[in-house]
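Here is a short tour of a protein model, written for someone who would like to find their way around it at the bench. Keep the structure open as you read.

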Amino acid sequence: MSMTAASPLPSEVQRYLEHVRVEKRLASRTHTLYTLDLEKLAQFASGVNVPLLQLQPAHIRRFVAQMHSAGRSSRGIALILSGWRGFFTWAARQGLVTSNPVQGVRGPKAAKPLPKALGVDDAVRLADFHAAGADPWLEARDAAMVELLYGCGLRVGELVGLDRAPGSDAARQGRGWIDLQAGEAHVLGKGGKRRSLPLGAAARQALDAWLPLRGSAGGPALFVGQRGTRLSAQSVWKRLRQRSGQAGLTTPVHPHMLRHSFASHLLQSSGDLRAVQELLGHANITTTQVYTRLDFQHLAKVYDAAHPRARKKPAG
């Protein structure tokens, strides 16, 4: 049912819209959206034969379900509920209702966006990239950072918290370290949870190139800036963004993208969700399961490209 000129908005809604127009000095566009949302509420109320001011939370939840089934986005529903909530808050102040039926009603949760992951070719291109004519010190450091982010799936905070060698101070002060002899990275993750990660051959090679250039000055930090202080997460973001552009990647890369790429590519190859969970340092397997969605996207693309039954029938 649609509202028409023959079915004007209830007088209390018109009063509210005038109130927000005058008192809140809403922009014309915002006022129009308020009006449309309240027209929708009036339509729903008419559909269940209940006066607008007698709607109950059960009615509102039913309206939410109808909007969701019709394809309205979670964010769109949340905005509509916010508009309705404002109307009933005003109505309560006016003594028109005793309670706000929208209070406590929430829209459906928005689907979590898939983590952005690089394709295998792009990740390898970035890892293999060497900047011609670059400062050898910076080049070795940045190459080692990329190898640890992509090869071990580190968070950027874990990366900058690494020391270049095991030590009692690192454990006491909440830092991780590299053990090149054992071929392991020991990191301190979220919630103070420690985990050990194997260093791949490429990461070990990159660290072998970096550590002699890094030298002994500047304390125990594995990665330092040119002034000798421990590198900040912000500096890693900046360097990685610059390096991905130099490598010819169309998407600016940030540290967490390499972590997502590590998880996605490992899961595609192994299918071992539990192992990926341990390597990422996720306390809950459901956190890791988002990567199965990435894996399914990969499988769907392969199917669409390769399976004869996936091809559309020719027209005509």
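Let us start in helix 14, residues 290-306, which holds Gln297; helices here are DSSP runs of H or I with at least four residues, strands are runs of E with at least two, and both are numbered from the N terminus. With a relative accessibility of 38%, Gln297 counts as partly exposed. On this scale, buried means under 20% relative accessible area, exposed means over 50%, and partly exposed lies in between, using a 1.4 Å probe and protein chains only. From Gln297 to Ala165 it is 40 Å, C-alpha to C-alpha, and the two are 132 residues apart in sequence.

Before going further, please note that this is a predicted model, in which local features need pLDDT of at least 70 and side-chain atom pairs count only at pLDDT 80 or more, while totals for chains, interfaces and linings use all residues. Residues are numbered from 1 along each chain as its sequence is written, and side-chain values use heavy atoms, with hydrogens and water left out.

**The whole protein**

The protein contains 14 helices and four strands. Its radius of gyration is 28 Å, whereas a compact globule of 316 residues would have one near 20 Å; the radius is taken over C-alpha atoms, and the globule rule is 2.2 Å times the number of residues to the power 0.38. The C-alpha trace spans about 80 × 60 × 40 Å along the principal axes. Of the 316 residues, 40% count as buried. There are 42 positive and 22 negative side chains, and the centres of the two sets lie 8 Å apart. Lys and Arg count as positive and Asp and Glu as negative, without His and the chain ends, and each charge is placed at NZ of Lys, CZ of Arg, CG of Asp or CD of Glu.

**Two cores**

The largest nonpolar core has 53 residues, and Leu148, Leu154, Phe223 and Leu258 touch the most other members. Helix 6 (residues 136-152) gives the most to this core, with 10 residues. A separate second core of 29 residues includes Leu38, Val50, Leu81 and Val102. A nonpolar core is a set of buried Ala, Val, Leu, Ile, Met, Phe, Trp, Tyr and Cys residues joined through side-chain atoms within 4.5 Å.

Beyond four places in sequence, the residues that Phe223 touches include Leu148, Trp210 and Leu231, where contact means heavy atoms within 4.5 Å.

**Some residues to look up**

| Residue | Place | Relative accessible area |
|---|---|---|
| Glu158 | helix 7 (residues 156-160) | 4%, buried |
| His59 | helix 3 | 19%, buried |
| Pro51 | loop between helix 2 and helix 3 | 43%, partly exposed |
| Gln54 | loop between helix 2 (28-47) and helix 3 (57-69) | 52%, exposed |

What does Glu158 touch, not counting residues up to four places away in sequence? Its partners are Val187, Leu188, Gly189, Lys190, Arg195 and Arg259. With neighbours within four places left aside, His59 is in contact with Val48, Val50 and Gln54.

Gln54 also makes a good starting point for distances: its C-alpha is 7.7 Å from that of Val97, although 43 residues separate the two in sequence. Pro51 and Phe223 are 172 residues apart along the chain, and their C-alpha atoms are separated by 67 Å.
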